[in-house]
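Q: Please take me through one part of this model closely. I want the side-chain pairings, with distances and cut-offs, and then one helix packing for context.

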Amino acid sequence: MKDKYLINARIIDPKNNLDEVGGIIIDSKGLIKAVGKKVTNGNIPSGADIIDLKKLVIIPGIVDMRVFIGEPGFEYKENFRTLSNAALSGGVTSVVSMPNTSPVIDNVSMVDFLKRRGRDKSRINIFPAACLTKNIEGKQMTEFGLLKRKGIIAFTDGIKTIQDPQVMLRIMSFASQSNSLIMQHAQDNILSNGGLINEGEVSTRLGLKGIPSLAEKIIVERDLSLLEEYFCRYHISQISSEKTVSVIKKAKDEGKKFSTGVSINNLTLNENDIGDFKTFLKLSPPLR
């Protein structure tokens, strides 16, 4: 196999502060030999394998921080092999897997199983997350120290939220001591109980119980208040509300350090897309 020359592309590499038009040389082993504006048509050997990308963009592999793998327990939905094939076709080379499988990932034996399956069946990097609480019940913390030593990179209860502020306080306190990453799905259970879509005109018209944006905002405000006292690595998994953005901006202006994610669904769609009961658009957090 000859070296492959990808030319005439816009190359964006934030880590190396690179944003320029140029090319990439890939050797016979699939490794990158050279990158940048010096790789052009003018200095390529005759007979080389050349692909003109016509100003398309080349970026590093995407990291998806919130992936639900069906294995173990829900292999009929997805497994490591189908996940990695789908990810690679979309430019995703690394994923953080959520722990709400069956059984859930809340002990070291399940972590060992997950790592073996990922190694044997996946073509991408799998970074497993474990549960914040035993059996994702929101009551008792998992063994952060043991799980981290086994290779867990973050802790989350997936699509469930820690409702008890006392439990969240203990989690943040221990996370600050162990340098653990906490990922929170922000939604108050009482305010969102029985809700199907965003609370508003569309929910009223369709006769569906709504979920107010306050259900998200109130959890974010609570956790950011705790973050003042118990500084830890904290990430809000997904936000969906303009009001939450205001809370986040204020906290950032005050110097608090944390990160936030948002679903592509909430960036590209809104509650009007639900139309006449499109059930596959009833999401958590809801479209607003």
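A: The salt bridges come first, followed by one helix pair.

This is a predicted model: local features need pLDDT of at least 70, side-chain atom pairs count only at pLDDT 80 or more, and totals for chains, interfaces and linings use all residues. Residues are numbered from 1 along each chain as its sequence is written, and side-chain values use heavy atoms, with hydrogens and water left out.

The structure holds twelve salt bridges (a side-chain nitrogen of Lys or Arg within 4 Å of a carboxyl oxygen of Asp or Glu). Take Lys-33 and Asp-3. Their closest N and O atoms are 2.8 Å apart. Lys-33 sits in strand β3 (residues 32-36) and Asp-3 in the segment before β1 (4-13), so this pair ties together parts 30 residues apart in sequence. Helices (H or I, at least four residues) and strands (E, at least two) are DSSP runs, numbered from the N terminus. Lys-33 is exposed, at 53% relative accessible area, while Asp-3 is partly exposed at 21%. The scale: buried is under 20%, exposed over 50%, partly exposed in between (1.4 Å probe, protein chains only).

Next, Lys-150 and Asp-112. This salt bridge spans 3.4 Å, N to O. Lys-150 lies in the loop between α3 (144-149) and β9 (154-156), and Asp-112 in helix α2 (residues 108-121), so parts 38 residues apart in sequence are tied together. Lys-150 is partly exposed, at 31%. Asp-112 is partly exposed too, at 25%.

Lys-250 and Glu-254 meet at 2.7 Å, N to O. Lys-250 is exposed, at 53%. Glu-254 is partly exposed, at 45%. This pair belongs to a network: salt bridges with shared partners join Glu-228, Lys-250, Glu-254 and Lys-256.

Now the helix pair. Helix α4 (residues 165-178) packs against helix α7 (residues 214-229) at an angle of about 45°, with axes 10 Å apart. Axes are lines fitted to C-alpha atoms, for helices over the stretch in contact, and angles run from 0 to 180 degrees between N-to-C directions. That makes α4 oblique to α7 (under 35 degrees is roughly parallel, over 145 roughly antiparallel, 65 to 115 roughly perpendicular, the rest oblique). From α4, the contact uses Pro-165, Met-168, Leu-169 and Met-172; from α7, Arg-222, Asp-223, Leu-226 and Leu-227. Contact means heavy atoms within 4.5 Å. By class, six of these residues are nonpolar, none polar and two charged (nonpolar: Ala, Val, Leu, Ile, Met, Phe, Trp, Tyr, Cys and Pro; charged: Asp, Glu, Lys and Arg; polar: the others, Gly among them).
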